[in-house]
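Me: Could you walk me through a few details of this protein model? I am new to reading structures, so please take it step by step.

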Amino acid sequence: MAIDPVLAQLLANNSQWAVDVDAAEPGFFANCAKGRPPRYASQPLCFLDVLWIGCADSRVPESVLTAARPGDIFVHRNIANQFHLTDDSALSVLTYAVDHLGATHVVIVGHTQCGGAAACHAAANGPPSEPSTPLERWLAPLTSIARDEGLSVSEIVEANVRAQVANVVRTDTVQRAWANGKNIWVHGWVYEIEKGKIRDMGISVGPS
């Protein structure tokens with residue numbers, strides 16, 4: 001079966017990237033395979049600083065935006081950068097990052113021109129109805145915020161980041177880390193697609 005040209009291009013790009021990286025930094029991939037980023041080679045196995053919780057939007061690739069390399073950032077992405085307290089996928093990522101990788105910063109990253117925020121705005125301004133699809137159920141908490149507060153799309157983006165920061169702070173993982181004296185910080189950022197810049201919302205929460 002012939003491979004689709006789009007997929008073939010992705011594989012070819014990857015092959016060239018691997019060649020280029022190996023030429024520029026011999027041993028990079030061997031170090032990654034050991035479970036530690038090269039810049040942390042002298043530190044404990046799998047030491048990381050940052051957990052990025054962002055949107056699945058293809059215009060917001062965390063490694064590209066921050067000029068990071070493989071092994072620099074632990075990542076969880078979903079529709080509209082949600083952190084539901086009943087979502088075992090997100091909770092397990094947070095727990096692994098904090099308890100096993102030694103992450104000290106959890107960053108919730110929203111972005112402008114967010115389709116999820118636009119969908120919540122539309123739903124909030126339409127006739128009330130029970131969520132009936134996986135996407136509607138996923139976005140329901142944010143839709144409620146948009147409806148209750150009468151927000152614009154851009155305001156929804158920021159309110160969403162604030163809500164997810166609050167959710168992360170409420171988790172047993174973060175509360176336990178603070179109780180054990182760990183210096184964990186939770187931050188809220190917005191990536192402005194039209195500018196290519198990340199803006200810190202100034203809502204960081206750390207140990208008291």
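Me: How many disulfides does the count come to?

Reply: Happy to help, and keep in mind that this is a predicted model. A disulfide is a covalent bond between the sulfur atoms of two cysteines. To be counted, a pair of cysteine sulfur atoms has to lie within 2.5 Å. By this rule, the number of disulfides is zero.

Me: Which cysteine has the sulfur closest to that of Cys55, and why is there no bond?

Reply: The two sulfurs are 4.6 Å apart, which is too far for a bond, because the cut-off is 2.5 Å. The cysteine with that closest sulfur is Cys114.

Me: Are Cys55 and Cys114 buried or exposed?

Reply: Let's compare each value with the limit: buried means under 20% relative accessible area. Cys55 is at 6% and Cys114 is at 5%. So Cys55 counts as buried, and Cys114 likewise counts as buried.

Me: Where does Ala67 lie, and is this residue buried or exposed?

Reply: Ala67 has a positive phi, near 55°, and is a residue other than glycine. Its place is the loop between α3 (62–65) and β2 (73–78). Its relative accessibility is 68%, and the limit for exposed is over 50%. Ala67 therefore counts as exposed.

Me: What about Ala80: is this residue buried or exposed?

Reply: Ala80 is not a glycine either, yet its phi is positive, about 65°. You will find Ala80 in the loop between β2 and α4 (88–100). Its relative accessible area is 1%, and under 20% means buried. So the word for Ala80 is buried.

Notes
Residues are numbered from 1 along each chain as its sequence is written. This is a predicted model: local features need pLDDT of at least 70, side-chain atom pairs count only at pLDDT 80 or more; totals for chains, interfaces and linings use all residues. Side-chain values use heavy atoms; hydrogens and water are left out. Helices (H or I, at least four residues) and strands (E, at least two) are DSSP runs, numbered from the N terminus. Buried means under 20% relative accessible area, exposed over 50%, partly exposed in between (1.4 Å probe, protein chains only).
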